[in-house]
Structures are given as structure tokens and as C-alpha cells.
Amino acid sequence: MAVPSKASVSRVAAALALIAGSVLASGAHAQQHSVTPKQRATAQQVASRGVPVADLTANAPDTYVVKRGDTLWSISGLYLAKPWRWPELWGMNMEAIRNPHLIYPGQTLYLEKSDGYARLSTRGGGNGESDVVRVTPRSRLDSVAGTALPTVQQHLIEPFLVEPEVLPGNTLELAPRIVAATETRTIQGAGDRIYARSISGQGLLTDPGEDRNFRIFRNAIPMKDPETGKILGYEAQYVGRAEMVRGETVEVTPNGKGGSNTDPVPATLDIASVKEEVRVGDRLLPLAPRSFMNYVPRAPYDDVDARVVSIYGSSSVTNAGQNQVVAINRGVNDGLEPGMILTVLTKGDRIRDKTDSSRSMIKLPSEANGMAMVFRTFDNVSYALLLQVRYGVAVGDRMVNPQ
């Protein structure tokens, strides 16, 4: 593969640095553009010659202009028969594509084939000149943080970066609790005012530096491993979000008998948004820092054999479909990381063999049912987005390394 000139690489790097700097300066909308050492090592292994042409899709285009609405997953699937091998696709041209997160609409990708191998480049015609990302002064209303390609459509994952919370033991029982509301209704909604107390009576404060934003949770439900029955953690039911107006205090008032009463005064909060109605007894946890994660789709580094623990958001639904979220019984302690792709397998039903005179029971083999991407991990549990499935996914179904 021809190496671009130092000047052309510098121009691209400078432009990307300018864009990346704008992304980092965008505060709450900043994306995390980390590339792990293992991803970089994988890319370096194939950078010298590319990937076998046989690993490309049948209709991989010779040139492709990146457009709005594209994702790393869709582009990877456009070129590779196994989309989770995106680090290798990126590794085809590490000089020009230094970070797979920093690919933007308007860039042109060129597919180069030689000696049975293929490379993806941002250079065309073999002239050795890299495409220059031109940045000109102009007014704009949107943040450049939103222009880099996400792995999947962000709206599918964004709510789940805040909502699911897997807690150890009795964590929720020790969290501040809602004790009353200004309205006499049993349930409260967005815009209503509520009052909350902490266990210590001093945990909800409005001092400088104290967090004033909270998530509201209810009913920490034990998550049991389908294989062992072991409790992996407790999934708290997300109810909504609230902002604290005043912190907890105490009030001393005369009791009319020459003495005084010292009464705790709960913190005052306003409900900002709700997924379900807020009730007295619900608990408060700090609001997680807002971030827009971007994930590089890739295969796990080690062998994974996981089971679906639950379908997120509904206790009555028995099967999850495409774009739904499921919890699995593997997490950080098992080496799972956001962005890892897993193959979803059917559980394989046990049926009676009607062709056998003894009517014996048999178990059908597990079959590939689609793919899922891990996007949030806890110690022993992870949440995965079902990218594509043919049949409903049920508790107990397996997830393994991509096939």
C-alpha cells in the first residue's frame, strides 16, 4: 500500500485535530473516541497488506461517499461479510484513518485490491495524496460532535445509558427516599414538586459542588443467572429524573411548653421527566454523567458463552425483537466491553419425537438467530442491543462469539 506524503498526512491530521478539539469542547455532547490497544494491534496486523478479497461482501463498492445516516456498523457491513471485523477494515489504512470514530459525512472511501488482498483508503487513483478535510469559517447551529459516524443509530442506545442500573445488595434501600409531595395525589408526574430524605438526614444538600440532579428508581429486582441461579445483581426500575431545589435541613420551633422541637426538613425537588408515575417511597440515585458513547464493533478477545437474563423494560414480554435491549449474565469480570458483537443463538427446544415408537424426548440444536452489540457493562451483567434477529429472543437464549 502506498504511503501518503508527510505533508498530506499532516493536513488530514491537523483537520481531524481541529474537529476533535471542537468535539471535546462541546461539553455534555462530547463523545468518547478511545481506541483500545487490542483494537490497534489488530489493525496493525492487517495494515501491511489488508484483508483477503474473499472476506469482502459480493457487492463491496470500489468507492463510497460517506453520508449522513451512515453508521460504522452499516459501512462495515457494506464491505465485510463479517461486520464485526471493523478493526481490520480500519486497519487497511491506519495512516489516513487514524481513529475509526473520526469518519465524517462527505469523506470518500476507496477500495484497493492487489495480489488477493484488499485495503480501504481515503486516497483515490494511487496518486499518494490523501483527501484533505477542508475546514472553512462559517456559521453553524449544530455541534460538530454529532457529525462523526456513530456505530449504530444513537437514539436506539441513548435512553439505556441512563436508565438501567445494576446495584449490589441493598444499595437502593440505603438511597434517599421520596417522603411526600405538594399534591395530595398518590402518583406524581413531570413538573410536580416532591420531598425526599436521606438515611443520614444530611445526604441531600445544595452546597457548591453537590450534585442536584437525580434519577428516580423503584423495586430493585434480583437478576438470576439462568444457568446457576446465582444472583448477579439487582436491577433497579427506572422511573424518572428530578432536580433538587433545596437541600435537607432541620427546623427548631417552640413547643409551647418552654422548650423546642427539632424537626428534620426534607429536601425539595422538582420532577423533570418521567417514564412512569412517581410515588412516595421511590428512591433517588445521582444522575450519571451525560455522554454520547461511540463504539467500534468487534469480536470479543476471549471465548464468550452467555445467557439472556432478562428483557429490559417489561416483565410481561417473553420475547425480544430487533432493536430491543436484553441483559446477559456476563460482564466486566468476564472481559466484556462496550462494542463487542455476539451471535445470538436459539435455545433449542426439547420436543417429543413423534416418529419414534417410544415417543422419546429430543433436544433440537441451537441455531444462529442474529447478532447483538454489548453497549453497557457492570461487574457480572451486560446490556446488549439486538442488532438483527430472525426470531424472538427469550430468557435463557445463548450469546457466543460471532460466527
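How many bridges join strand 23 (residues 368-377) to strand 24, and in which sense do the two strands run? In this predicted model, 7 bridges join strand 23 to strand 24, and the two run antiparallel. The chain holds 5 helices and 25 strands, and 45% of its 403 residues count as buried. The points below begin with strand 24, then turn to the salt bridges, the surface and the confidence of the prediction.

**Strand 24 and its partners**

- Strand 24 covers residues 382-389, and because 7 of its 8 residues are buried, this strand is largely enclosed by the rest of the structure.
- The connection between strand 23 and strand 24 is a hairpin of 4 residues, and within this antiparallel pair Gly 370 stands opposite Val 389 of strand 24.
- Strand 24 also pairs with strand 19 (residues 325-328), again in the antiparallel sense, over 4 bridges; here Val 326 has Ala 384 of strand 24 as its bridge partner.

**The chain as a whole**

- Among the contacts in the chain with a separation of 6 or more, 72% are between residues 24 or more positions apart.
- The chain exposes about 20200 Å², and carbon and sulfur atoms supply 50% of that area.

**Salt bridges**

- In general, side chains of opposite charge can pair when their charged atoms come close.
- A search of the whole structure finds 13 salt bridges, and one of them is formed by Arg 218 and Glu 276, whose closest N and O atoms are 3.6 Å apart.
- That pair links distant parts of the chain, since Arg 218 belongs to strand 10 while Glu 276 sits in the loop between strand 14 (267-274) and strand 15 (278-279), 58 residues apart.
- The two partners differ in their surroundings: Arg 218 has a relative accessible area of 9% and is therefore buried, whereas Glu 276, at 29% relative accessibility, counts as partly exposed.
- Arg 307 forms a salt bridge with Glu 227, with 3.4 Å between the closest N and O atoms.
- Arg 307 lies in strand 18 (residues 305-311) and Glu 227 in the loop between strand 10 and strand 11 (231-246), so this pair ties together parts that are 80 residues apart in sequence.
- Arg 307 is buried, with a relative accessible area of 15%, while Glu 227 counts as partly exposed at 44% relative accessibility.
- Glu 227 also meets the side chain of Arg 330 in a salt bridge (3.5 Å, N to O), and this pair again links distant parts of the chain, with Arg 330 in the loop between strand 19 and strand 20, Glu 227 in the loop between strand 10 and strand 11, and their positions 103 residues apart.
- These residues belong to a network of salt bridges that links Glu 227, Asp 305, Arg 307, Arg 330 and Arg 398.

**Backbone angles**

- As a general background, most residues other than glycine have a negative phi.
- Asn 219, which is found in strand 10, has a positive phi near 55° although this residue is not a glycine, and with a relative accessible area of 48% Asn 219 is partly exposed.
- Arg 359 likewise has a positive phi near 55°; its place is in the loop between strand 21 (350-352) and strand 22 (361-363), and at 39% relative accessibility Arg 359 counts as partly exposed.

**Surface and loop features**

- Ile 351, Ile 362 and Leu 364 form a nonpolar patch on the surface, with about 210 Å² of accessible area together; of these, Ile 351 is found in strand 21 and is partly exposed, with a relative accessible area of 34%.
- Gly 335 is found in the loop between strand 19 and strand 20 (341-345) and counts as partly exposed at 33% relative accessibility.
- The C-alpha atoms of Gly 335 and Asp 303 are separated by 9.5 Å, although the two residues are 32 residues apart along the chain.

**Confidence in the model**

- The chain averages a pLDDT of 77, and 71% of the residues score at least 70.
- Over residues 1-33 the pLDDT stays under 50, and the model has 63 contacts beyond four places in sequence for this stretch.
- Residues 126-146 also have a pLDDT below 50, with 33 contacts in the model beyond near neighbours in sequence.
- Where pLDDT is low, the predicted coordinates should not be read in detail.

Key:
Residues are numbered from 1 along each chain as its sequence is written. Side-chain values use heavy atoms; hydrogens and water are left out. Buried means under 20% relative accessible area, exposed over 50%, partly exposed in between (1.4 Å probe, protein chains only). Two strands pair if DSSP finds at least two bridges between them. Contact means heavy atoms within 4.5 Å. Accessible areas come from the Shrake-Rupley method with a 1.4 Å probe; for residues, only the protein chains shown count as cover. Patches are made of residues with over 30% relative accessible area and no salt bridge: like charges are joined within 9 Å, nonpolar side chains (Val, Leu, Ile, Met, Phe, Trp, Tyr) within 5 Å. A salt bridge is a side-chain nitrogen of Lys or Arg within 4 Å of a carboxyl oxygen of Asp or Glu. pLDDT is the predictor's confidence in each residue, from 0 to 100.
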